[in-house]
Amino acid sequence: MLGIENQTNQDYKMPLRVISYDGASYKQQLMDEKVEQYYPVCTLVLYFGTKTKWTAPKTLHKCISILNELKPFVSDYKINVFNIAWLDDKTINMFNSDFKFIAKYFQTKRKNTKYIPTNEQITHVDSIIKTFKALTGDKRFEEIYNKANLKNKRGGVTMDEFLDKIINEGIEKGRAEEKADLIRKMMDKKYTTEQIADLLDISVKEIKKIAAKVPVEA
């Protein structure tokens, strides 16, 4: 049995969670008198964070307080974590499923580069749109999908038909937020608006917007 845990944030209790899921599956096998041969249970944690790789505990021992004298008697439990945003192009291109598009999106977001959609057809359009919406919290994925009536489109749907606008706007928004954070830090260090504008090559007007806590437009 293969279980999948999708994480957009790190969870320091993840080993405890995974062992409870796997243990419940083994218990179900144990209680089922019809099972003639027990089968393995494996849980994969897919982490979609883009700022840092997974740094939370990956083993049970790192989640619990345990005396050194007891460690040899307490079985450790390792979880399988995959940093999706850090997959390289060679690995991403090995996927034959729609997951390829999801992995490429998060890799692009992590690199903070322009997303270049392909003309490859999406097999499960409705499912992948809902997955994008769930993982990003961006409702535009589903809104544009419904507005364009892509569900009933003949000839298949490709990534470049609607996702390029959403993704690239999201990347630009991220860049604007990073720029705003940098400007605020420079202000804290007593840089003048003119100095900041000169160093970052942006207008004084934009600097003043941030100073007034007005969101910067992407």
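**Exercises: sheet and pocket**

Strand E2 (residues 42-47) pairs with E3 in the parallel sense, over 4 bridges. The model is predicted.

**Exercise 1.** Find the bridge partner of Val 45 in E3.

*Solution.* Start from E2, residues 42-47, and its parallel pairing with E3. Look across to E3: the bridge partner of Val 45 is Val 81.

**Exercise 2.** State the strand order of the sheet, then explain why E1 and E3 each have one side without a neighbour in the sheet.

*Solution.* Step one: list the strands. The open sheet has 3 of them, in the order E1-E2-E3, with parallel pairing. Step two: go to the edges. Strand E1 (2-7) and strand E3 (80-83) stand there, and each has a single partner strand, so one side of each lacks a neighbour in the sheet. Step three: add the twist. From one strand to the next, it averages 25°.

**Exercise 3.** Which helix gives the most to the lining of the second largest pocket?

*Solution.* Begin with the space: the second largest pocket holds about 220 Å³. Next, pick out the helices. Helix H3 (99-111) and helix H4 (125-136) each supply at least two lining residues. Then compare. H4 gives the most, with 4 residues.

**Exercise 4.** How do the lining residues of the second largest pocket divide into nonpolar, polar and charged?

*Solution.* First, collect the residues. The lining includes Asn 6, Leu 46, Phe 48, Ser 97, Asp 98 and Phe 99. Ile 102, His 124, Ser 127, Ile 128, Thr 131 and Leu 135 also line this pocket. Then sort by class. The result is 6 nonpolar, 5 polar and 1 charged.

Methods
Residues numbered from 1 in each chain as written. Predicted model: local features only at pLDDT ≥ 70, side-chain atom pairs only at ≥ 80, totals over all residues. Heavy atoms only, no water. 1 Å grid on protein atoms, 1.4 Å probe; cavity = no way out; pocket = protein on both sides within 12 Å on 5 of 7 lines; lining within 4 Å. Points joined across faces, edges and corners; volume = space filled by probe spheres on them. Nonpolar A, V, L, I, M, F, W, Y, C, P; charged D, E, K, R; others polar. Pairing = 2+ DSSP bridges. Axes fitted to C-alpha atoms, helices over the stretch in contact; angles between N-to-C directions.
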